[in-house]
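User: Could you take a close look at the salt bridges in this structure for me? I am in my first year, so please explain the terms as you go.

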Amino acid sequence: MTTPDPQRPRPGSDILRTALRRNIGAMAGGTLLMGLYQAGETAFPIALGLIVEHTMRDRGPGALGLSIAALAVIITTVSLSWRFGMRVLQKANTTEAHRWRVKVAACGLQPVARDVDLKSGEVLTIATEDADQTADIIEVVPLLISSLVAVVIAALALGLADIRLGLLVIVGTVAIMSILSVLSQRIGSSTREQQARVARAGAKVADLITGLRPLHGFGGNHAAFRSYRRVSTEAKHQAITVAKVNGAYAGTALALNAVLAGAVTLTAGWLAFDGRIDIGELVMAVGLAQFIMEPLKLFSEMPKYVMIARASAERMALVLTAPPVTVPGSQRPAAGEGLEIDGVRHGALRRLKFQVAAGEFVAIAAYQPRAAADLAAILSAEVPPDAYEGVVRVGGQEFADLSIEALRAHLLVNPYDGEIFAGTLRTNIDPSGTSRLVPEAVEASLLTDVVALHPEGLDYGVRDRGANLSGGQRQRLSLARALAADTDVLVLHDPTTAVDAVTEQLVARGVAQLRRGRTTVVITSSPALLDAADRVLVLDDGVITAEDTHRNLLATDEEYCAAVAR
């Protein structure tokens, strides 16, 4: 086990430094305005003390008018500086939170997955709550500095009246911050754990919503609910722990601030009673003792918010600094070449080997669903090339040598459970709006009945996950999207399992016709698709055991006949 380098900055700290660095201008302006606000707030009790002292010597109306004007200037300064200072800081905060949300989302949407042990629901929480809490550092630092300005001005003003009052404020503030900094460490660790548990609960409920229909189908909804309730209860208990720590922190801060304010007030009273400060200075000291409670409270809360921002930044770093699961190459596949699987061993696949010529329509009848899923995962590049034995070539190039963008543009694998997104039929079929084959894809996938059923046609609204579509309609919509992409090589995994036999026959003909001259591989047990293929490869026990046309295999292979006949 290696000891981490203590000099190496932690990724969470790097994120906070980046946020501070690119908002330095807004923070400087906000700090100036908020410092002016705090200076004005501090000047108010000082001005009251000076007014009392002045008017006691000169009781004329001119002195009273001058005092009122001075207070009006202070009040106006306080009001405007707060208004514009918070506007500047909150705009910078909101903009910075947006930047981190986009950055985390971009990492999750990159074509090469990152090696991070987080579910999609956890990444969602990081991209929202953690991004917002990290950006809070933009407001925290200026408020910390401005509240420090108020404490310093108050200490100087009291020190001018009597050095003991100024020293009392300085020493008391240092003592308060030392005590609270220890408590803030506990808040940081508790907050990190709470955020992790809330994220896990979010991921769990996202998974359950995705699988709600099958859960109801086999009666697993009650067990799933108990599972979510357990995770949510853990998050609740941790949230209560964090609330207790925050409550202890806030109570301690308030008590310490009150003790300091009381000490300043009592000391000022004793000095006035002893004749060492005059009545105006006493008024100023009492006023500052009451006022200093607010900046001290703000000042003492800042370590807590800093620790929360740091905890959120460290969770974001889990996503942003995670290495890719593979380092893709830079080559591009050549057009007019086919697909080759050479000695691939992974999961249920055992030295799998076959070739698909350019322009050929090949069906793979996989007797074991696990083998079909493993093959689809490898072809879709979900499994990095260094995670399996053997070589996969497309367009004459090995997967490991291809850039992931070029691979995805050349070869498309359409999974059997393709996601349907909120939008319209058209945006689901052609998300980029650039396909020239939308009408042909709709016809080949037999989605024409869905389009004709609604007056809006292709602009018919689709709910999230296709909630307003049947299972067969969702599957045909996913197939239409794959066909409209018009890639050089298309791999379909069980594209017709949710449709009836008649529809399946028509879909098989439509796919074969639309993909004529383009390389197409269908992993299926559908007799209609197997019959439409140029040839069929039988995948049994991880290897190809037979190869012929569908009808020849039916006539000569009893096991094949039993596996695919319906």
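Analyst: Happy to help; here is a walk through some of the salt bridges.

This is a predicted model, in which local features need pLDDT of at least 70 and side-chain atom pairs count only at pLDDT 80 or more, while totals for chains, interfaces and linings use all residues. Residues are numbered from 1 along each chain as its sequence is written, and side-chain values use heavy atoms, leaving out hydrogens and water.

Side chains of opposite charge can pair when their charged atoms come close. A salt bridge here is a side-chain nitrogen of Lys or Arg within 4 Å of a carboxyl oxygen of Asp or Glu. The whole structure holds 22 of them.

Let's start with Arg-393 and Glu-340, whose closest N and O atoms are 3.4 Å apart. Arg-393 sits in strand β4 and Glu-340 in strand β1, 53 residues apart; strands are DSSP runs of E, at least two residues, numbered from the N terminus. Both residues also belong to a network of salt bridges with Asp-342, Lys-353 and Glu-398.

Next, Arg-518 and Asp-486 meet at 2.7 Å, N to O. Each lies in a loop, so the pair ties together parts that are 32 residues apart in sequence. Arg-518 is partly exposed, at 22% relative accessible area, and so is Asp-486, at 30%. Partly exposed falls between buried (under 20%) and exposed (over 50%), using a 1.4 Å probe and protein chains only.

Finally, Glu-547 and Arg-535 pair at 2.6 Å, N to O. Glu-547 is in strand β12 and Arg-535 in strand β11, so this bridge joins parts 12 residues apart in sequence. With 17% relative accessibility, Arg-535 counts as buried.

Notes. Helices (H or I, at least four residues) and strands (E, at least two) are DSSP runs, numbered from the N terminus.
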